[in-house]
Amino acid sequence: MSLLSVLWFFLVFVLIAGYFILDGFDLGAGILYPFIARSDSDKMIIRRAIGPVWDGNEVWLLTAGGALFAAFPDAYATTFSGFYLAIMLVLFALIVRAVSFEFWAADSKWRKVWDVCFFLGSLLPALLFGVAVGNIIEGIPMDAAGNYIGVPLFGLITSFTLMTGLLGLAMFIAAGACWIALKAPIDSELHARVASIRMPMQIVVFALFAITTLMVFLGFAGVTESVEELAAARWLFAVLFVAALVVAIVFSRKSSGDLVSFISQSVAAFCLVGLLATTMFPSLVNASVGNPITIASAGSSELSLFCMTVILCIGLPLVLVYHFIIYRTFRGRVEVPQAA
Amino acid sequence: MDQVLLSRMQFALTAGYHFIFVPLSIGIGLLMAIFVTKAYRSKSASDEALAHMWVKIFTGTFAIGVATGITMEFSFGTNWANYSRFVGDIFGAPLAAEALFAFFLESIFLGMLLFGRKKIKPSFYVASAWLVFFGSALSALWILIANSWMQTPAGAVLSDDGKEAVITDFFAAAFNPSTLPRYFHTVLSLIVMGSFVVIAVAAWYMHKEKHLSAASAMMKLGCIVGVVGTVFLLVAAHSSAVEVWEEQPSKMAMMEGMYETEVPGLAIAGVVDESAQDASTLSIPGGTSFLATGTWDTAYPGLNDIADMDKYSDIVVSEMPVNFVFQTYHLMVAMFGLICIVLVLALVFGRKKLVEQKGGLAKMKWLQWVLIISPIFPFLAIQTGWLTAEVGRQPYVVYPSVTGPDGVFMLTENGSSPSVQTFELVITMVLFFAVYVLLFIGWARVIGRFVSEGPVAEGDESSVVVIEEFAAEAASSSNDIASNVEAEAIIEQKTDYDDKGEE
């Protein structure tokens, strides 16, 4: 286990956190969309709030996938092939969702079709990502070569993975509510509606987190052996997660707290991924049968990781600049279209 | 049906479909960026309308390219797990780099193009158009680096346990012998594709006798880009063929239908009888030998001799898809011929002088129809070219090229995912089919609408102009995103009204 491979273990999780925070809010907005949009102008506001940024947000997933492939090929191969049908459902969802944005705007007769695609395309990934994470924590049955040998799709659903799926889903929805509240016109009905969903959703997150944590301690998540050295970091992330969530809940109660609420919701998302990473370390995929896939067993060669590090050092600053530009350009609230 | 064959079919389906929209978006992307730049320079309303139409066509197409591209990145892990384990040390880095360097660039500046027209400085809007094109061309570079490494591995060795390829030299791996020829061959063919789409739309307007000044501007730019692209394409295609002749003997033998060692002729057309191991062709004797080496009498090994070599001992000659590769390769070449003919016709009869004095292309209905259907030629050339490249490398997924490192190769049948079962592949195949058909219909509706609306601010559809002006006024009176929303809401109301009118 070299220094570079440890670095890349955490970098993969940083990329996942980037995805969870950024695409988190636009997937969440997509799930809320049919429930909070009562008119075409509401729909327009929601689509405008995420339209310019969702595509860049989604690239975080592709980057995390690519980084996992490059840094830990065995973990990439095992999870993507082992979770085959689940991954494919996520894929179909992301595909129809991606095209629904522009086709909705350009094809008024087919709006209903693209509305459905947008909703389902947001819901499925938001639920299934959490289920996948639950599985890598709880452990999956693998043969000697690291191939999943359990029941396809349904074998991935246990009480624990269902709970992590719901926790993930609730996080996505809460983030979506925070973002729409931040972008919707301050005195619109849409803002009032979404603000009233926000706090209850965050309380649901809190409850699901408590249940999930309890399940881990009660052994529902299999025998997880987290390393002692990171115990302090785990506690730190757990406490920070709770603290950030509390701040989010407090500020979610008043409409002037939209920004603080969104930021603390995002901090909570980051801490949750941090907690996951420090719990998993040094394992990438736990095993219920066979050997876990670890940094040592799955890591790429030193040279490969070094090249990746150089690529990241050049690429990441550029990526951050692009994000700064786009979020700055489209800052502020969307306003109600008068004509509609 | 067996799992490897199903996985191959799935990859062929998804990659082939993805590669309908990638050529369109990269090709159209260049012309769109030029239209946008031209409108920025001239500031004329008609140029702006034309640029805006192409931005809409581009973004509508780009969306599908992005969406179906996710499939490709996932598919290595989902369907080709053993392959991913074998090549991950080398193959993963270009994919991650593609996401970091290219996908972010494309997607973020696409957001600018879509939503920023009235919000950002015009010069920044122009820059965004170029950055999106540049990002997509960069994306093509990284994915071709990855694919070329599968064709001609370099900069790697087989690990001690023989289970994986390990990188030894990043630049040697990235710029392996086939990367650059194949990159230029591919990207130039995509640009030719884009120029043909622009030519076809121009011809459509000439046929309908509307938007004529826009049509002539499009015809001109399409022809210029098409001709320049085709000339360079010839050079790139040749160097890419030379690479195959030097590095991939079994692919070369299949392309020419050669079972026995001989001096390869330049076949124009023919058919290969695989059971009799015989190719009947109409060909120029020694032609391919001349193209490859400059001499008319250099012999190249046939499949039977190649299969006797240690390096290619996995080849079973009777199972090689020789006729398929022969046909796809020659179809590609034939399509290139048609591309050249179309361009010559468009140039000769589309000359401004001729059109103004005698009508030329403007009066030649048959030639307009030829141009309208002409994008099918580069489209077929691109698809058959890729089929040649990918089927021609069988039975290997990582090809043991002539200069490739010892032991760094993999048979396709060993690359799939052991944990994925046949019924799962059948389910996803059906879903892919359904989703991709839906996408295609949705895309055709949207693009058809953009084209039939045309570059509207041109004058004949005055109602739209009025509405756009009103929208622009509304935009200038407010200084937030609302401007855009309002403008679009108003225009949409107008179009909705039109739709109802039609019904």
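The following exercises, each with a worked solution, concern a predicted model.

**Exercise 1. Cysteines and disulfides**

Determine how many disulfides the whole structure holds, and examine Cys313(A) and Cys340(B) in this respect.

Solution.
Step 1. A disulfide is a covalent bond between the sulfur atoms of two cysteines. The cut-off needed here is that the two sulfur atoms lie within 2.5 Å.
Step 2. A search over all chains of the structure returns 0 disulfides. Cys313(A), for its part, is in no disulfide, and the nearest cysteine sulfur, that of Cys307(A), is 12 Å away.
Step 3. In chain B, the cysteine sulfur closest to that of Cys340(B) belongs to Cys223(B); the separation is 13 Å, which is too far for a bond.
Step 4. As to accessibility, Cys313(A) has a relative accessible area of 54% and is therefore exposed. Cys340(B), at 30%, counts as partly exposed.

**Exercise 2. The packing of H1(A) and H10(A)**

Describe how helix H1 and helix H10 of chain A pack, and state which classes of residue form their contact.

Solution.
Step 1. Two packed helices are described by the angle between their axes and the distance between the axes.
Step 2. H1 of chain A covers residues 3-36 and H10 of chain A covers residues 258-280; the angle is about 150° and the axes are 9 Å apart. Because of this angle, H1(A) is roughly antiparallel to H10(A); the cut-off for that term is an angle over 145 degrees.
Step 3. The crossing of the two helices, H1(A) and H10(A), is right-handed.
Step 4. On the side of H1(A), the residues in contact include Phe9(A), Phe13(A), Phe20(A) and Phe25(A). Among those they meet in H10(A) are Phe262(A), Phe270(A), Leu276(A) and Met280(A).
Step 5. Sorted by class, this contact between H1(A) and H10(A) comprises 16 nonpolar residues, 1 polar residue and no charged residues.

**Exercise 3. The packing of H6(A) and H7(A)**

Carry out the corresponding description for helix H6 and helix H7 of chain A.

Solution.
Step 1. H6 spans residues 111-138 and H7 spans residues 159-183 in chain A; their axes are 7 Å apart and form an angle of about 135°. H6(A) is therefore oblique to H7(A).
Step 2. H6(A) and H7(A) cross in a right-handed manner.
Step 3. Residues that H6(A) brings to the contact include Leu123(A), Gly130(A), Gly134(A) and Glu138(A). In H7(A), the partners include Phe160(A), Gly165(A), Gly168(A) and Phe172(A).
Step 4. The class count for H6(A) with H7(A) is 10 nonpolar, 7 polar and 1 charged residues.

**Exercise 4. Two residues in helices**

Establish whether Cys271(A) and Ile70(B) are buried or exposed, and name the residues that they touch.

Solution.
Step 1. Cys271(A) belongs to helix H10 of chain A. Its relative accessible area is 3%, so Cys271(A) is buried; the cut-off is under 20%.
Step 2. Leaving aside residues up to four places away in sequence, Cys271(A) touches Phe237(A), Leu240(A) and Phe241(A).
Step 3. Ile70(B) is part of helix H2 of chain B, residues 45-79. With 1% relative accessibility, Ile70(B) counts as buried.
Step 4. With residues up to four places away in sequence again left out, Ile70(B) touches Glu58(A), Leu62(A), Leu91(A) and Leu94(A).
Step 5. As a distance within chain B, the C-alpha atoms of Ile70(B) and Asp2(B) are 25 Å apart, with these positions 68 residues apart along the chain.

**Exercise 5. Backbone geometry in loops**

Locate the cis peptide bonds at Pro282(A) and Pro395(B), and the positive phi values of Leu153(A) and Gln277(B).

Solution.
Step 1. Most residues other than glycine have a negative phi, and most peptide bonds are trans.
Step 2. Phe281(A) and Pro282(A) are joined by a cis peptide bond with omega of about 0°. Pro282(A) is in the loop between H10 and strand S2 (283-285) of chain A.
Step 3. The bond from Gln394(B) to Pro395(B) is likewise cis, with omega near 5°. Pro395(B) is placed in the loop between helix H14 (376-391) and strand S5 (396-398) of chain B.
Step 4. Leu153(A), not a glycine, has a positive phi of about 55°. Its position is in the loop between strand S1 (140-141) and H7 of chain A.
Step 5. Gln277(B) also has a positive phi, near 50°. Gln277(B) sits in the loop between strand S3 (266-273) and strand S4 (278-284) of chain B, and its relative accessible area of 30% makes Gln277(B) partly exposed.

Key. Residues are numbered from 1 along each chain as its sequence is written. Chains are lettered from A and ligands numbered from 1 in the order in which they are written. This is a predicted model: local features need pLDDT of at least 70, side-chain atom pairs count only at pLDDT 80 or more; totals for chains, interfaces and linings use all residues. Side-chain values use heavy atoms; hydrogens and water are left out. Buried means under 20% relative accessible area, exposed over 50%, partly exposed in between (1.4 Å probe, protein chains only). Axes are lines fitted to C-alpha atoms, for helices over the stretch in contact, and angles run from 0 to 180 degrees between N-to-C directions. Helices (H or I, at least four residues) and strands (E, at least two) are DSSP runs, numbered from the N terminus. Angles under 35 degrees count as roughly parallel, over 145 as roughly antiparallel, 65 to 115 as roughly perpendicular and the rest as oblique. A crossing is left-handed if the near helix is turned anticlockwise from the far one by less than a right angle, and right-handed if clockwise. Contact means heavy atoms within 4.5 Å. Ala, Val, Leu, Ile, Met, Phe, Trp, Tyr, Cys and Pro count as nonpolar, Asp, Glu, Lys and Arg as charged, and the others, Gly among them, as polar.
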